Amino acid sequence: MRITKEPEVRRQEILDAALQIFGEKGYEKTSIADIAKAIGVAQGLCYRYFPSKEALFDSVIEQYASLLAEPFAQYEKETDKPLRQIIEEMPATIEDRDSRYYALFHGAENAKFHVLLSLKLCEKLVPLAERILQRARDRGEVSFDDPHTAAVFCVYGQLGALQDDGLTREEKLEKIRAFLAFALHL
């Protein structure tokens, strides 16, 4: 008997299965057929939602990056907070080691996936940072002509410090906060 599901439910089911199998077998050893078999559907159904394994994997990255960016949206909503306070309160990391995504993006053999995730997360955070910096500029907290470029540097510039294995999470955060305060003249 054929089971019909709402398109978004089916799409998420495929994403969830892909995430699990990519985590277990690795990207290279996973096929669309493996994913279809895991959820008991025809391979063609997966292709209806995702034209290729790469597109499916990109959607997994997109979904996780969106999830990771959510906690930062609160800073845009808290319009009364000064920029310095936002920098002092921002988290060093928002990843949960027990999440279903963590193993896929942090396994030693998956280092390139973590890089892709980091870049996608930065892409999502730049517009948010730009709006926060624009608001700080409008209030006279900072003075620069180009909030977009400042946001790009603030967001992407953290990647090197965040990936420094010689520092603890707290040391990374302390260095990032200090540099942002210095660079923005706060």
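Guide: A residue counts as buried under 20% relative accessible area, as exposed over 50%, and as partly exposed in between (1.4 Å probe, protein chains only). The model here is predicted: local features need pLDDT of at least 70, side-chain atom pairs count only at pLDDT 80 or more, and totals for chains, interfaces and linings use all residues. Residues are numbered from 1 along each chain as its sequence is written, and side-chain values use heavy atoms, without hydrogens and water.

Visitor: Why is Val115 called partly exposed?

Guide: Its relative accessible area is 41%, and partly exposed is the class between 20% and 50%. Val115 sits in helix H8, residues 111–138. A helix here is a DSSP run (H or I) of at least four residues, a strand is a run (E) of at least two, and numbering starts at the N terminus.

Visitor: Which residues form a nonpolar patch with Val115?

Guide: Leu119 and Tyr156 join Val115 on the surface, and together the three have about 230 Å² of accessible area. Patch members need over 30% relative accessible area and no salt bridge; nonpolar side chains are joined within 5 Å, like charges within 9 Å. A salt bridge is a Lys or Arg side-chain nitrogen within 4 Å of an Asp or Glu carboxyl oxygen. The 41% of Val115 is over the 30% required.

Visitor: How many helices and strands does the protein have?

Guide: It has eleven helices and zero strands. Its C-alpha trace spans about 65 × 35 × 25 Å along the principal axes. Of the 186 residues, 39% are buried.

Visitor: What makes the pair of Phe22 and Phe57 edge-to-face?

Guide: Rings of Phe, Tyr and Trp (its six-membered ring) pair if their centres lie within 6.5 Å; planes under 30 degrees apart are stacked, over 60 edge-to-face, and the rest tilted. The centres of Phe22 and Phe57 are 5.3 Å apart and their planes stand at 80°, so the pair is edge-to-face. Phe22 is in helix H1 (residues 7–25) and Phe57 in helix H4 (residues 53–69), 35 residues apart.

Visitor: How do you know whether Phe57 is buried or exposed?

Guide: Phe57 has 3% relative accessibility, and the limit for buried is under 20%, so Phe57 is buried. Phe22 is buried as well, at 0%.

Visitor: What is the pair of Phe57 and Phe113 called, and why?

Guide: The pair is tilted, because the planes are at 50°, which is neither under 30 nor over 60 degrees. The ring centres are 4.6 Å apart. This pair joins helix H4 to helix H8 across 56 residues. One aromatic cluster takes in Phe22, Tyr27, Phe57 and Phe113.

Visitor: How do you know that Cys154 is in no disulfide?

Guide: A disulfide needs two cysteine sulfur atoms within 2.5 Å. The nearest cysteine sulfur to Cys154 belongs to Cys122 and is 11 Å away. The structure holds zero disulfides. Cys154 is buried, because its relative accessible area is 12%; Cys46 is buried at 1%.

Visitor: Which residues does the UniProt annotation "DNA-binding region" cover?

Guide: In the unreviewed entry, it covers residues 31–50. UniProt positions are given in the numbering used here, feature names are shortened, and annotations may be inferred rather than shown by experiment. In the model, the span is 75% helix and 0% strand, with its end C-alpha atoms 13 Å apart.

Key. Accessible areas come from the Shrake-Rupley method with a 1.4 Å probe; for residues, only the protein chains shown count as cover.
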